[in-house]
Amino acid sequence: MTQLSFDVQLSDHARTDAEREQVLSSPGFGQHFTDHMISIDYTEELGWHNARLMPYGPLTLDPATSVFHYGQELFEGLKAYRQVNGSIVTFRPYANAARFNLSCQRMAMPELPEETFVEALELLVQTDRDWVPTTEGHSLYLRPFIIATQVGLGVNYPSRSYKFMVIASPAASYFTGGLKPVSVWLSTEYTRAAPGGTGAAKCGGNYAGAFVATRQAVEQGCDQVVWLDSHEHRYVEEMGGMNLFFVYGDKLLTPALTGTLLPGITRDSILTLAAELGLEPVEGRLSIEEWQAGCESGELGEVFACGTAAVVTPVGFVKGADRAWTIGDGTPGPVTMRVREELVGIQYGGRPDHHGWIHKIG
Ligand SMILES: *Cc1c(COP(=O)(O)O)cnc(C)c1O
């Protein structure tokens with residue numbers, strides 16, 4: 001395949017320095033977008049083509065475009081960080097590229113060469129580099145995604161054309177209110193994923209199917225939903241859009257990737273870092289009964305969730321239809337804080353990167 005080259009069309013209505021600074025002073029999460037975006041088209045005849053950087057703006061799509069009807073769509077999420085020495089980096093972008101292609105396989109969509117995926121990120125971040133926040137703990141969230149663009153309502157076959165895009169959004173912390181432990185609701189009524197389904201793919205439909213359970217969690221006074229296995233509603237899988245870790249002394253347990261969990265890059269990074277932190281990583285299985293018993297005996301002292309958006313977030317309180325308990329004393333524990341500091345330290349350049357995870361952009 002010939003290397004794609006990007007056509008660059010710069011915005012003639014980019015925000016002024018003052019307008020950008022205004023946004024960056026309080027970016028929130030996913031509310032504001034930079035001046036440019038990436039777009040690459042795919043057809044069966046031409047393969048990937050028409051790669052361009054262009055001004056950020058709306059799309060015009062026929063109402064019969066297949067993504068609106070059958071949800072053939074998937075996305076990725078990663079961040080660009082401004083490190084302490086001023087350079088701009090991303091964290092493991094090739095891991096996102098590889099996962100994007102695994103999701104594409106599951107959703108019958110064409111894979112994008114990993115080099116093109118990473119080049120698209122680099123071009124957008126370099127062009128909009130002034131949007132990478134300088135405030136500690138802030139970042140530029142990058143959202144690559146792909147949609148089916150064939151026009152027509154034929155339901156029995158995948159689309160024959162697609163559009164890949166990348167947009168970027170300056171981000172403060174994902175959960176407002178700093179490192180306050182979250183409370184979780186054990187969902188026994190709804191499940192996120194079943195064996196053979198799309199749970200391991202980062203497709204929008206997984207989220208669409210999850211909102212009703214999140215709303216139920218909020219009605220129960222909880223912040224987030226914990227997903228259990230679809231068969232027995234007993235074994236812990238994930239929390240909302242994040243993976244979970246359970247701290248048993250110096251053992252760090254996380255649910256194994258059974259095919260119904262999303263393989264988080266943060267999860268994988270923490271498993272890799274565990275040994276360096278004097279912790280023993282274990283991929284296993286945990287029932288809600290074991291979770292409760294462990295907290296009551298004190299054997300299980302800390303639980304945290306992890307993902308790109310919120311990094312590492314302590315879990316403080318668990319509630320289910322017929323049970324409720326507190327984890328430790330309900331405050332962030334020392335292992336949670338150490339794992340978080342190590343990961344954030346690598347991302348922002350305060351700690352050495354022994355694994356080649358940092359990808360310099362500018
Ligand atoms: C994206 C995502 C995660 C976390 O993945 P990271 O690569 O660590 O950001 C976990 N669970 C679900 C359901 C997700 O969509």
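Begin at the boundary between the two domains of this predicted model, where the count between domain 1 and domain 2 comes to 1 salt bridge. To see a salt bridge up close, select Arg-92 and Asp-268 and show their side chains, which meet in such a bridge with 3.0 Å from N to O.

Next, widen the view by colouring residues 7-171 as domain 1 and residues 182-348 as domain 2, following the domain assignment of the chain. If you place a marker at the centre of each domain, taken over C-alpha atoms, the two markers will be 27 Å apart. The contact between the domains draws 25 residues from domain 1 and 20 residues from domain 2.

Now turn to the surface that the domains cover on each other, since the area buried between domain 1 and domain 2 is about 1900 Å², with carbon and sulfur atoms giving 57% of that area. Select Phe-75, Phe-91 and Arg-99 in domain 1, the residues there that lose the most area to domain 2, and together they account for 31% of what that side buries.

With both domains still in view, look for polar contacts across the interface, where 16 residue pairs are found, both residues being at pLDDT 80 or more. On the side of domain 1 that touches domain 2, at least two residues each come from β4 (73-75), β5 (78-82), β6 (88-91), α3 (93-106) and β7 (139-148). Finish by selecting α3, which gives the most to this side of domain 1, with 5 residues, and then colour the whole side by residue class, which shows 11 nonpolar, 7 polar and 7 charged residues.

Technical notes. Residues are numbered from 1 along each chain as its sequence is written. This is a predicted model: local features need pLDDT of at least 70, side-chain atom pairs count only at pLDDT 80 or more; totals for chains, interfaces and linings use all residues. Side-chain values use heavy atoms; hydrogens and water are left out. Domain bounds come from an automatic or database domain assignment. Contact means heavy atoms within 4.5 Å. Buried area is the accessible area (1.4 Å probe) that two parts lose on being put together, summed over both. A salt bridge is a side-chain nitrogen of Lys or Arg within 4 Å of a carboxyl oxygen of Asp or Glu. A polar contact is a pair of N or O atoms within 3.5 Å; within protein, one must be able to donate a hydrogen and the other to accept it, and residues adjacent in sequence count only if both atoms are side-chain atoms. Helices (H or I, at least four residues) and strands (E, at least two) are DSSP runs, numbered from the N terminus. Ala, Val, Leu, Ile, Met, Phe, Trp, Tyr, Cys and Pro count as nonpolar, Asp, Glu, Lys and Arg as charged, and the others, Gly among them, as polar.
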